[in-house]
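This report concerns the aromatic rings of one protein chain and the charged groups placed over them. The sequence and structure are shown first.

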Amino acid sequence: MMTYVLIIGRRIKMLYLAPLEGITGYIYRNAYQKYFGGIDRYFTPFIAPAKGKPFRHRELADVHPEHNTGIMVIPQILTNHSEGFIKAAKALADMGYDEININMGCPSGTVVSKGKGSGMLADPTKLDHFLEEIFAADICKISVKTRLGMEFADEFPDILDVLMKYPFTEVIIHPRTREDYYGGSVDLAMFDLAVERYGEQTESVLCYNGDITDVAGYKNIQKRYPQVDKIMIGRGIIGNPFLPQEIAEQRCCYNAGILLAFHDELFAGYMEAGLGARNVMFKMKELWSFMECLFEAPDQQKILKKIRKANDPDTYNTEVRKLLR
């Protein structure tokens with residue numbers, strides 16, 4: 001496992017791995033830390049508290065302390081009910097977690113239709129009441145990951161007014177609306193507004209997230225926001241696991257041997273977790289849909305096509321080894 005210090009002037013940039021549902025669970029996090037490292041904080045895929053119990057079996061496994069040793073993990077909760085949040089927060093605090101992140105950014109239609117995720121941004125007054133109740137419970141530190149609004153970026157000033165009322169440890173902003181999903185460009189003018197409003201607190205509170213897929217993208221944000229010392233990257237790291245090292249060393253760090261060892265550890269971990277060969281291959285193929293950006297040559301693209309079409313583990317792993325030979 002490698003560690004990197006990202007130094008910009010006199011400041012040290014902290015690097016966070018954004019949560020991706022179905023991908024960045026504890027098996028991925030531990031394998032990533034072993035073979036790549038360079039991440040200061042890992043955020044879990046969201047926990048959606050159910051009636052009568054704070055966690056489902058899969059969610060409990062993901063946050064269990066035994067599955068998260070040696071790495072800094074922040075559980076993320078997806079709910080618009082303060083009672084459910086408080087119950088889950090108490091259970092997580094009993095496990096030893098001292099910070100919880102609120103998901104106010106998920107753009108999924110099924111999530112938003114229930115007023116959760118970025119759906120919470122539709123009604124700032126209701127959001128204010130939710131935050132008032134969970135902060136009053138005073139269970140642990142609370143951070144938030146948010147978008148700019150539901151439909152239009154000009155919704156953000158009102159949302160920002162609400163957020164600034166509360167002592168969040170961190171406010172992670174993905175400067176897109178829910179309607180944008182992951183398309184179009186990020187609206188940096190709205191992130192500028194957050195930097196202006198937080199002023200001297202910017203360094204300790206704000207975290208930037210969105211559209212950093214390579215070293216150049218990182219450097220653009222670094223240059224524009226030298227006072228922002230925390231950057232969260234999701235798809236950019238999933239697609240190129242070497243990205244933190246490349247940011248630190250300013251060079252291409254691709255290594256087929258390391259990538260293969262990482263791949264094999266993931267595959268074995270999913271099998272040992274009892275997911276079954278069919279589901280394991282589905283998860284690995286989803287991961288390849290991100291990592292295929294590393295392989296642009298025509299012969300590599302042909303092998304990737306065979307990986308996507310593989311119906312059994314032996315064929316699948318044979319093609320992976322051809323790709324990474």
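## Burial of a paired tyrosine

In this predicted model, Y166 is buried, with a relative accessible area of 14%. F135 is likewise buried, at a relative accessible area of 17%. Each of these two values counts as buried because the cut-off is under 20% relative accessible area.

## Aromatic pairs

A pair of aromatic rings is described by the distance of the centres and the angle of the planes. The model holds 17 aromatic pairs. One of them joins F135 and Y166, whose ring centres are 5.3 Å apart with 20° between the planes. This pair is stacked, because planes under 30 degrees apart fall into that class.

The two partners come from distant parts of the chain, 31 residues apart. F135 belongs to helix 5 (residues 124-137), whereas Y166 lies in the loop between helix 6 (156-163) and strand 8 (171-173).

## A tilted pair and its cluster

W288 and F295 form a tilted pair: the ring centres are 6.0 Å apart and the planes stand at 55°. W288 and F295 are both buried.

These two residues are also members of one aromatic cluster, in which they are joined by Y28, Y32, F36, F242, Y254 and F262.

## Charges over rings

Two tyrosine rings are considered here for the charged groups over them. The charged end of R147 is placed over the ring of Y182, at 5.0 Å from the ring centre. K283 sits over the face of Y270, 5.1 Å from the centre of that ring.

Methods
Residues are numbered from 1 along each chain as its sequence is written. This is a predicted model: local features need pLDDT of at least 70, side-chain atom pairs count only at pLDDT 80 or more; totals for chains, interfaces and linings use all residues. Side-chain values use heavy atoms; hydrogens and water are left out. Rings of Phe, Tyr and Trp (its six-membered ring) pair if their centres lie within 6.5 Å; planes under 30 degrees apart count as stacked, over 60 as edge-to-face and the rest as tilted. Helices (H or I, at least four residues) and strands (E, at least two) are DSSP runs, numbered from the N terminus. Buried means under 20% relative accessible area, exposed over 50%, partly exposed in between (1.4 Å probe, protein chains only). A charge sits over a ring if NZ of Lys or CZ of Arg is within 6 Å of the ring centre and within 35 degrees of the ring normal.
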